[in-house]
Every structure is written in structure tokens, then in C-alpha cells.
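Biologist: I am new to this structure, and I would like to know how its labels are earned. Could you walk me through the reasoning?

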Amino acid sequence: ALGCCGWLSNTARPDGKYAHSRISQHLANPSEGMFNAVKHLVRYYKETKNLCLYQDIHSKDAEWRFFCDSDFAGNSEKQNKRRSQSGYIALQGAAPVVWSSKPSSVMFDAKDIVVTAHPKLKEAHADVSSGASEVYAAGNATMDLLHLSYVMEEMRIDFPEVMTLQIDNTTAEAFAKGTVVKSKLKHIDCRQEWVLTLRDNNIIVPQHVDTEFNIADIFTKILARPTFVKHRDMFMVPYS
């Protein structure tokens with residue numbers, strides 16, 4: 001059941017991506033609560049089966065938009081180990097193209113680049129600063145969005161040479177712009193390649209967006225129903 005939900009959340013139902021990520025964290029030790037959560041997610045999909053991704057057929061050159069967000073240690077469940085949840089979404093016009101919701105990764109290999117405070121930290125670590133968590137989220141989003149740019153180039157689809165990454169944390173924005181040194185961010189090794197890429201204005205430009213308009217918020221935390229629906233309706237429409 002969770003595998004089916006995962007297929008949906010990765011292809012046509014990004015609104016269930018965060019729920020799928022949270023439930024998946026219990027796979028190593030499944031419980032009755034996990035099973036009930038899966039049934040709840042399946043019911044949600046069934047009740048909203050008329051929702052779809054939409055793109056106008058003539059919008060080949062539609063504007064690209066990029067959002068990222070992070071929740072600072074909001075998941076207190078034991079198996080989560082206080083890892084922050086990060087998420088991002090890239091949209092062309094009205095339609096999402098790629099999206100992600102996951103806790104700070106604990107895997108590190110050649111195929112999984114993890115943004116951490118120091119290169120020798122091979123797995124995720126807790127942090128004392130919400131700004132640092134947002135910085136890591138922006139760094140991870142940058143890596144994946146660069147990959148998206150390569151794919152779009154191969155497909156000969158117009159893609160911005162400089163991506164404007166919209167974030168709602170002023171500390172992370174200032175860090176990415178390199179305009180201020182915050183004491184709580186001094187532990188981040190600024191010599192790392194991901195930091196240099198994040199600060200390279202020829203690739204990524206951070207831009208502040210109010211939290212209420214940050215679509216990526218739906219991928220990082222449990223939201224009140226009205227807030228969830230408002231964010232969801234920014235990238236999904238009812239099909240008739």
C-alpha cells in the first residue's frame with residue numbers, strides 16, 4: 001500500500017509527498033499507527049481523485065519558478081532523530097516538474113550528495129539553528145535543480161541560465177548572498193563546493209518569499225487543513 005502511495009507521490013500527486021516521507025520512516029519497525037496512517041493517505045487520494053497536474057498546451061516557454069523550505073527539527077518521533085525535513089519544488093508555468101520531501105539524508109555515497117556542515121560529516125546531524133537547516137535545504141535543492149537544468153538542456157527546453165530560488169528564511173537568504181556572517185552559522189565550512197555554488201550568482205539567486213506563498217512549505221511539515229489546501233491549490237487543479 002505504501003509503495004502504491006509512493007508511486008503516486010512521485011508522479012502525479014505531489015500533495016502526498018510529505019505524508020509518504022513521514023510514513024516511510026517507520027518501515028524498519030512498522031506498527032499499527034503506521035498502518036492507520038497509510039489508510040488515511042489512501043482515503044485522501046480517493047476523496048481527491050479529481051485533482052491533477054495541469055499545463056496549458058501552448059506554454060512551452062512558460063516561466064520557471066523554484067521554491068525550497070525546511071522545518072527545523074519539527075518531527076519529535078524517536079526514529080527521526082530530530083532530523084530536519086527539507087523540501088523543494090520546481091514549476092514550469094502552473095505545472096510542477098520535480099519536487100522532493102525528505103529528512104536530512106543519513107546515506108552518503110557517490111550518487112547521494114548530502115549538504116552538511118563539514119565534508120567529513122558523512123551523515124546527517126542535528127543543528128542548533130533553524131537558519132542552518134534552511135541553508136542545508138537550499139544547498140540540497142541547488143544540487144538537484146542543477147541536474148534538472150542539464151536534463152532540460154538535453155531536451156532542448158528553455159531553462160533560465162540563472163535560477164531564482166525562493167526561500168522564506170532571511171538568515172539562509174543572507175548566507176547564500178554572502179552579505180552577513182551569523183554567529184550560529186560559523187560552523188558551516190564555507191570552502192565546500194556546495195556553498196560556493198549556492199553563492200555563485202551566475203547560477204542561483206536567492207529571493208525572499210513570504211511563508212504563506214512558499215509552496216515548498218507543504219513538503220516540510222504537517223499543516224492546518226486550510227493552509228494545506230491553499231498551498232496544494234497553487235499547483236493542482238480539479239479535473240472535469
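Modeller: Here is the chain, and below we take its labels one at a time. Please keep in mind that this is a predicted model.

Biologist: Happy to. What does the protein chain contain in the way of helices and strands?

Modeller: There are seven helices and seven strands. Along the sequence they run α-α-α-β-β-β-β-α-β-α-α-β-α-β. Of the 240 residues in the protein chain, 47% count as buried.

Biologist: Let's try that word on one residue. Why is Ser21 called buried?

Modeller: Ser21 belongs to helix H2, residues 17-24. Its relative accessible area is 8%, and buried means under 20%, so Ser21 is buried. Leaving out residues up to four places away in sequence, Ser21 touches Gln85, Ser101, Lys102 and Pro103.

Biologist: And Val237, what makes that residue partly exposed?

Modeller: Val237 sits in strand S7, residues 237-238. Its relative accessible area is 30%. Partly exposed lies between the 20% limit for buried and the 50% limit for exposed, so Val237 is partly exposed.

Biologist: Which residues is Val237 in contact with, leaving aside its neighbours within four places in sequence?

Modeller: They are Asn50, Leu51, Cys52 and Tyr54. The C-alpha atoms of Val237 and Leu53 are separated by 6.4 Å, although the two residues are 184 residues apart along the chain. For the protein chain as a whole, 68% of the contacts with a separation of 6 or more join residues 24 or more positions apart.

Biologist: Now the helices. Why is H1 called oblique to H3?

Modeller: The axes of helix H1 (residues 2-11) and helix H3 (residues 32-47) come within 10 Å and cross at roughly 45 degrees. Angles under 35 degrees would count as roughly parallel, and roughly perpendicular begins at 65. The angle of roughly 45 degrees falls in neither range, so H1 is oblique to H3. The crossing of H1 with H3 is left-handed.

Biologist: Which residues make that contact?

Modeller: From H1 come Leu2, Cys5, Leu8 and Ser9, and from H3 come Met34, Val38, Leu41, Val42 and Tyr45. By class, eight are nonpolar, one is polar and none is charged.

Biologist: What makes H4 oblique to H5?

Modeller: H4 and H5 pack at about 55 degrees, with axes 8 Å apart. That angle is also between the 35 and 65 degree limits, so H4 is oblique to H5. The crossing of H4 and H5 is right-handed. Gly131, Glu134 and Val135 of H4 meet Thr171, Ala172 and Phe175 of H5. Three of these residues are nonpolar, two are polar and one is charged.

Biologist: Finally, how many residues are in the largest nonpolar core, and which touch the most other members?

Modeller: The largest nonpolar core has 29 residues, and Phe66, Leu145, Leu165, Ile188, Trp194 and Leu198 touch the most other members. Elements that each supply at least two residues of this core include strand S2 (64-71), helix H4 (130-154) and helix H6 (193-198). H4 gives the largest share, 10 residues.

Biologist: What does the second, separate core include?

Modeller: The second core has 21 residues, among them Met34, Val38, Tyr45 and Ile89. Met34, Val38 and Tyr45 also appear in the contact of H1 with H3.

Methods
Residues numbered from 1 in each chain as written. Predicted model: local features only at pLDDT ≥ 70, side-chain atom pairs only at ≥ 80, totals over all residues. Heavy atoms only, no water. Core = buried A, V, L, I, M, F, W, Y, C linked by side-chain atoms within 4.5 Å. Buried < 20%, exposed > 50% of the residue type's maximum accessible area, 1.4 Å probe, protein only. Helix = DSSP H or I, 4+ residues; strand = E, 2+ residues; numbered from the N terminus. Axes fitted to C-alpha atoms, helices over the stretch in contact; angles between N-to-C directions. Parallel < 35°, antiparallel > 145°, perpendicular 65-115°, else oblique. Left-handed = near helix turned anticlockwise from the far one by under 90°. Contact = heavy atoms within 4.5 Å. Nonpolar A, V, L, I, M, F, W, Y, C, P; charged D, E, K, R; others polar.
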